[in-house]
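Student: Please take a close look at a single part of this model, namely the packing of one helix against its partners. I should like the geometry and the residues in contact to be set out together.

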Amino acid sequence: AWPEVVLEPDSGRGRIHVRRVLQRVADEGASPRRHTNGREIRPKRWHVGPPKSGAGDRWIHLFPEVVQALHCQHEWQLTAGWLPLPEGDLVFRTRYGGPLTNDTLASWMARACDRAGIPRRGYYALRHTVASTAITAGESDVSVANLMGHADPSTTKTFYARVFEEVQAQRMEKLHAQYLATG
């Protein structure tokens with residue numbers, strides 16, 4: 001939500017405080033209905049709550065390009081006259097002003113991949129790209145775990161073991177080359 005976004009467009013600095021998550025949960029108080037195929041459909045509702053773990057509550061610093069894009073998004077929403085929703089003053093919404101669903105995000109990601117001329121991937125691939133890029137840039141497992149909101153760096157090492165191994169192999173090749181050059 002916008003209250004968790006701090007933007008300084010003139011300096012290109014910004015950050016987001018990840019402290020709440022918006023998710024669809026079963027609406028236990030609503031009556032289920034039947035689909036035309038006979039299956040029972042349980043109604044869902046939006047729920048705002050804390051991240052899965054304490055480590056999920058974190059600040060993420062933004063690239064200047066992201067700061068500028070978010071600044072434009074905020075200005076556009078202000079001129080559109082959108083009011084905050086019961087779920088909060090959301091940064092991204094559907095064209096009708098409601099919260100984004102997984103289907104909407106998947107559709108946007110598919111279109112973006114098509115425009116870029118790359119194979120379609122799920123939007124979660126963006127998260128993996130950030131983690132892999134950070135590891136390749138030499139960030140420690142602890143630093144990447146903090147960025148990703150993992151409570152334990154061992155989780156990060158497990159998910160990205162292949163990337164860590166590739167980086168370690170590249171570092172050893174560099175060390176070997178330096179050894180040969182000085183030897």
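**Helix H3 and its two partners**

Tutor: Helices H3 and H6 cross in a right-handed manner. A crossing is right-handed if the near helix is turned clockwise from the far one by less than a right angle, and left-handed if it is turned anticlockwise. The model is a predicted one, in which local features need pLDDT of at least 70 and side-chain atom pairs count only at pLDDT 80 or more, while totals for chains, interfaces and linings use all residues. Residues are numbered from 1 along each chain as its sequence is written, and side-chain values use heavy atoms, with hydrogens and water left out.

H3 spans residues 125-136 and H6 spans residues 161-182; helices here are DSSP runs (H or I, at least four residues), numbered from the N terminus. Two packed helices are described by the angle between their axes and the distance between the axes. For H3 and H6, the angle is about 20 degrees and the axes lie 9 Å apart. The axes are lines fitted to C-alpha atoms over the stretch in contact, and angles run from 0 to 180 degrees between N-to-C directions. H3 and H6 therefore count as roughly parallel (under 35 degrees; over 145 is roughly antiparallel, 65 to 115 roughly perpendicular, and the rest oblique).

On the H3 side, Ser 132, Ile 135 and Thr 136 take part; they meet Val 163, Phe 164, Val 167 and Arg 171 of H6. Contact means heavy atoms within 4.5 Å. Phe 164, one of these H6 residues, has a further partner: the charged end of Lys 157 sits over its ring, 4.8 Å from the centre. For this, NZ of Lys or CZ of Arg must be within 6 Å of the ring centre and within 35 degrees of the ring normal.

The second partner of H3 to consider is H4, residues 141-148. Here the axes come within 10 Å and cross at roughly 155 degrees, so H3 is roughly antiparallel to H4. The crossing of H3 and H4 is right-handed. H3 contributes Arg 127, Val 130, Ala 131, Ala 134 and Ile 135 to this contact, and H4 contributes Val 144, Leu 147 and Met 148. Ile 135 thus appears in both interfaces, meeting residues of H6 and taking part in the contact with H4.

Note on methods: Helix = DSSP H or I, 4+ residues; strand = E, 2+ residues; numbered from the N terminus.
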